[in-house]
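Please look over the sequence and the structure shown below before reading on. The report that follows walks through selected helices, sheets and loops, one group at a time.

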Amino acid sequence: MSFTGKLMGMGNPLLDISNDVTEEILSKYDVKVDSAILAEEKHMPIYKELAEMSGVQYIAGGATQNSIRVAQWMMGEAGQTAYMGCIGKDAFGEQLKGCATSDGVLAHYMEDEATPTGTCAVLVCKGERSLIANLAAANNFKETHLETDLAKEIIESSEIYYSAGFFLTVSVESLLKVTNHAVENNKIFCLNFSAPFIIDFFGDQVAAALPYADYVFCNESEAEAYGKKHGLGDDGKDLEAVALKVAAMPKTSGVRARTVVFTQGSKCTIVAKEGKVTKYDVTPLGPDLLVDTNGAGDAFVGGFLAMLTKGADIAKCVDAGHWAASVIIQRSGCTFPEACDYKA
């Protein structure tokens with residue numbers, strides 16, 4: 001597959017092992033509802049337990065990869081998007097390759113022969129999802145992979161780059177290599193805070209990446225965590241104030257003002273840019289239509305980026321994000337119908 005598009009993602013490719021669980025399972029593994037955490041030793045048995053339960057699903061995952069897959073789906077023609085991350089040389093890795101190819105994404109994975117492909121336990125309880133990521137090979141991405149011929153071609157050809165904050169735990173050096181290229185060539189870099197633990201425990205890495213970000217995404221809990229950590233917006237409670245403060249923080253490139261996008265589930269989406277906040281209402285879904293919130297935020301970003309590559313204004317990008325998220329939460333996992341019927 002050749003790369004003919006403008007959008008590249010770089011992140012932690014994981015195979016989601018998804019299943020419906022009870023509150024007792026969440027309690028057993030000390031997992032909060034609607035949380036995203038890195039696996040500790042106490043969590044390791046959950047992967048086998050999920051796999052042995054009836055109804056288990058294996059779905060290509062990882063936050064950035066999800067967003068790129070959704071963007072590709074909405075953009076249509078194969079090869080409009082590219083993605084890089086590290087997988088193991090094993091059956092799960094082959095599964096991820098197959099999924100990416102069938103979705104039309106040009107996936108240029110680094111392959112680690114000594115470490116298994118990363119997995120993510122997706123615990124779905126009453127429509128809400130909790131994630132436990134065992135990065136494994138995804139944790140071993142190296143900057144040297146960006147020196148391969150195909151990686152160079154993808155980076156040079158792309159005009160928009162996206163990474164979820166989870167990648168900041170793996171290879172800040174790789175991310176900064178791409179962001180510096182973006183600045184030097186007047187291209188766009190988009191960053192997602194991704195989870196409160198990224199903000200709380202990887203603050204230096206977030207601080208290193210944020211100056212390069214033309215677009216910043218996160219949900220309300222991540223926005224509040226950032227505000228609280230940095231003393232913004234009534235200790236994080238005033239999300240509009242937090243968004244304005246993040247938008248006004250220093251940038252390495254003065255070519256364009258930073259745009260900050262805070263999603264809030266079924267509540268309005270907050271967008272801050274150049275000292276102004278705009279709110280976009282979300283069309284609510286009936287509770288009977290909600291299947292699984294896993295991937296909703298990733299899908300929003302995918303829809304947003306799909307329209308951004310077409311030069312759409314913010315309102316159209318947000319609308320596409322809302323639409324993509326509404327499709328994904330009506331299905332199990334970050335999956336979508338074969339055909340995309342979104343009308344911009």
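## Two helices that cross

In this predicted model, helix α3 (residues 63-75) and helix α12 (residues 314-328) have axes that come within 12 Å and cross at roughly 105°. That angle makes α3 roughly perpendicular to α12. On the α3 side the contact is made by V70, W73 and M74, which meet A320, W323, A324, V327 and I328 of α12. Sorted by character, the residues of this contact of α3 with α12 are eight nonpolar, no polar and no charged.

## The sheet of five strands

Strands of a sheet pair through backbone hydrogen bonds, either parallel or antiparallel. One open sheet in the model is formed by five strands in the order β3-β10-β9-β2-β4, and its pairing is mixed. The edges are taken by β3 (36-38) and β4 (57-61), each of which has a single partner strand, so one side of each is left without a neighbour in the sheet. On average, and with direction ignored, neighbouring strands of this sheet are turned by 25° against each other.

At one edge, β3 pairs with strand β10 (residues 128-134) in the parallel sense over three bridges, and within this pairing A36 has L131 in β10 as its bridge partner. Helix α2 (residues 45-52) packs on the sheet, where it touches β2 (14-20), β4, β9 (119-125) and β10, and its direction makes about 60° with that of β9. The helix α3 also packs on this sheet, touching β2 and β4, with a direction at about 85° to that of β4.

## The sheet of nine strands

An open sheet of nine strands, again with mixed pairing, has the order β7-β5-β1-β11-β12-β13-β14-β15-β16. Here β7 (106-107) and β16 stand at the edges with a single partner strand each, so one side of each is left without a neighbour in the sheet.

Within this order, strand β1 (residues 7-10) and strand β11 (residues 160-164) run parallel and are joined by three bridges, with M8 standing opposite Y161 in β11. Strand β15 (residues 267-273) and strand β16 (residues 276-280), by contrast, run antiparallel and are joined by five bridges; in this pair, I270 has K279 of β16 as its bridge partner. The hairpin of β15 and β16 has two residues between the strands, and E274 takes a positive phi near 50° there.

Two helices lie across this group of strands. Helix α9 lies across β12, β13 and β14 and runs at about 110° to β13, while helix α11 (residues 296-308) lies across β1, β11, β12, β13, β14 and β15 and runs at about 155° to β13.

## Around helix α9

Which residues of helix α9 (residues 220-230) are buried? They are E222, A223, A225, Y226 and G227. These buried residues of α9 pack against β12 (188-192), α7 (196-201), α8 (203-209), β13 (215-219), α10 (239-248) and β14 (259-264).

A residue of β12 gives a closer view of this region: N192 lies in that strand and is buried, with a relative accessible area of 8%. Although N192 and E222 are 30 residues apart in sequence, their C-alpha atoms are 9.6 Å apart in space. Leaving aside neighbours within four places in sequence, N192 is in contact with Y162, S163, A164, G165, F217, C218, E222 and V301.

## Positive phi angles in loops

Most residues other than glycine have a negative phi, and most peptide bonds are trans. Against that background, two residues that are not glycine are set out below.

| Residue | Phi | Loop | Relative accessibility |
|---|---|---|---|
| S194 | about 75° | between β12 and α7 | 12%, buried |
| D235 | near 60° | between α9 and α10 | 37%, partly exposed |

A glycine can be added to this picture, for α9 is followed by G231, whose phi is positive, near 65°.

## The annotated region

For residues 31-337, UniProt lists "domain: Carbohydrate kinase PfkB", in an unreviewed entry. Over residues 31-337 the chain is 38% helix and 22% strand, and the end C-alpha atoms are 31 Å apart.

Key: Residues are numbered from 1 along each chain as its sequence is written. This is a predicted model: local features need pLDDT of at least 70, side-chain atom pairs count only at pLDDT 80 or more; totals for chains, interfaces and linings use all residues. Side-chain values use heavy atoms; hydrogens and water are left out. Axes are lines fitted to C-alpha atoms, for helices over the stretch in contact, and angles run from 0 to 180 degrees between N-to-C directions. Helices (H or I, at least four residues) and strands (E, at least two) are DSSP runs, numbered from the N terminus. Angles under 35 degrees count as roughly parallel, over 145 as roughly antiparallel, 65 to 115 as roughly perpendicular and the rest as oblique. Contact means heavy atoms within 4.5 Å. Ala, Val, Leu, Ile, Met, Phe, Trp, Tyr, Cys and Pro count as nonpolar, Asp, Glu, Lys and Arg as charged, and the others, Gly among them, as polar. Two strands pair if DSSP finds at least two bridges between them. UniProt positions are given in the numbering used here, feature names are shortened, and annotations may be inferred rather than shown by experiment. Buried means under 20% relative accessible area, exposed over 50%, partly exposed in between (1.4 Å probe, protein chains only).
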